[in-house]
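Here's a quick tour of a few spots in this protein that are worth a look at the bench. Have the structure open and follow along.

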Amino acid sequence: MALSQESLDELVTAVARFVKNRLVPIEAKVAEEDKVPDDVISEMKAMGLFGMSIPEEYGGLGLTMEEEATVAFELGRTSPAFRSTLGTNNGIGSQGIIMFGTDEQKKRYLPGLASGEIIGSFALTEPDAGSDAGSVRTLAKKVGDGYVLNGTKRYITNAPKAGVFTVFARTNPDIAGAKGISCFLVPGKLPGIEVGKPDKKMGQHGTYVSDVVFNDVRVTQADLLGGVEGQGFKAAMQVLDRGRLHISAVCVGVAERLIADSIRYGKQRKQFGQPIVEFEMIQAMLADSYAETLAAKSMVMETCRKRDRGVDVSVDSAACKMFASEMVGRVADRAVQIFGGAGYIADYGIERLYRDVRLFRLYEGTTQIQQIVIARGLVRNSPA
């Protein structure tokens, strides 16, 4: 159920104020210390940001996709590390439960995910299975009235803090490809779970990514998502549809931030006796960045509205993710160019955002995977 326009405006205004006054001033500190402060996380919880997409009956805000994107535009105006802290709970960490979970599973996990007391983590990628999600090798062997999990997951966001892992494992090794994959909700503290040391990354410092090894981890039938085997791949793909729209909206927000910073700097920086923003080549870069950002924003909002109407947006959400993530990379590159030498210096923060946005073209499916999803969808849906 959508919020009233007044309630949505109040939420967006509160998030915009929080981003400007609370988050932006500590961006450099978070990057340097590689940690989002606990008090900031507590404030995010109090604002309900961990449960934006979770239904109200489970303690969330119950935002529609369009409403969530509107909030994500504002969250994108600061370091992506802040958004990543709560992003999994709103996307791939909760949506599988919302879409496919049993009533018991929803009651068990969604209230904690909505409050931020439980951090969700999406464990799909493996050393030899990333873009090719159907080649998952982690095994879930049926033993008695439960399963035993064995395997390694890689590049798992929020793994060191996870209260529940959404784990994709092969329940039927005799069935090749996606049909043999099932999905499990695995409590983070079960015996046999080994979380590796957080990886050192190019950007998005303050977020945590690591390997997760499952060594004879015993789970029950109640931990099987939806209580049904073989629907893991379907769950993953549908969850990613929503996640891709969320990421696309964040890309738009970062691009708007970069444009604003570029204009501000261009007004202050003088060359040849005048502000550089008055030079036509600088103006051309700003114009290109604005037009591309506007195009991405329009794509995202239209696709969100279609999804809220119940339309299948698998192809369109992939198109949004592909365009928006590539777009923000170009905008960040132009911002560095406008800042000149200052854009390469850490003090100005532009080089940090330049590194941060590079990840958007990789996770939730690489640009190349989006191209495949789009092309196959077009062929599948076209008349004979």
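This is a predicted model, so every value below is computed from it. We'll start at D223, which touches Q105, R108, Y109, C183, F184, L185 and P187, leaving aside residues up to four places away in sequence. After that come a covered helix and some charged pairs.

**Around D223**
- D223 sits in the loop that runs between β7 (209-220) and α8 (232-268).
- Is D223 buried or exposed? With a relative accessible area of 5%, D223 is buried, because the cut-off for buried is under 20%.
- One of the residues D223 touches is R108, and the two side chains make a polar contact at 3.1 Å.
- The D223 side chain also reaches back to the backbone nitrogen of T220, at 2.9 Å.

**Helix α5**
- Helix α5 covers residues 80-90, and eleven of its eleven residues are buried.
- The buried set includes charged R83 and polar N89 and N90, along with F82 and L86.

**Salt bridges: the long-range one**
- The model has 23 salt bridges in total.
- Among them, R352 and E27 pair up through their side chains at 2.7 Å, N to O.
- This pair ties together distant parts of the chain: R352 is in helix α11 (residues 350-356) and E27 is in helix α2 (residues 27-33), 325 residues apart.
- Both R352 and E27 are buried.

**Salt bridges within a helix**
- Helix α2 also holds E33 and K29, four residues apart, or about one turn of the helix.
- The side chains of E33 and K29 meet in a salt bridge at 3.3 Å, N to O.
- E33 is partly exposed at 48% relative accessibility, and K29 is partly exposed too, at 41%.
- In general, an α-helix has 3.6 residues a turn, so residues three or four places apart point the same way.
- Over in helix α8, R264 and D261 are three residues apart, so about one helical turn separates them.
- The R264 and D261 side chains form a salt bridge at 2.8 Å, N to O.
- How exposed are these two partners? R264 is partly exposed, with a relative accessible area of 46%, whereas D261 is buried at 12%.
- Shared salt-bridge partners join E27, R257, D261, R264 and R352 into one network.

Methods:
Residues are numbered from 1 along each chain as its sequence is written. This is a predicted model: local features need pLDDT of at least 70, side-chain atom pairs count only at pLDDT 80 or more; totals for chains, interfaces and linings use all residues. Side-chain values use heavy atoms; hydrogens and water are left out. Helices (H or I, at least four residues) and strands (E, at least two) are DSSP runs, numbered from the N terminus. Buried means under 20% relative accessible area, exposed over 50%, partly exposed in between (1.4 Å probe, protein chains only). A polar contact is a pair of N or O atoms within 3.5 Å; within protein, one must be able to donate a hydrogen and the other to accept it, and residues adjacent in sequence count only if both atoms are side-chain atoms. Contact means heavy atoms within 4.5 Å. A salt bridge is a side-chain nitrogen of Lys or Arg within 4 Å of a carboxyl oxygen of Asp or Glu.
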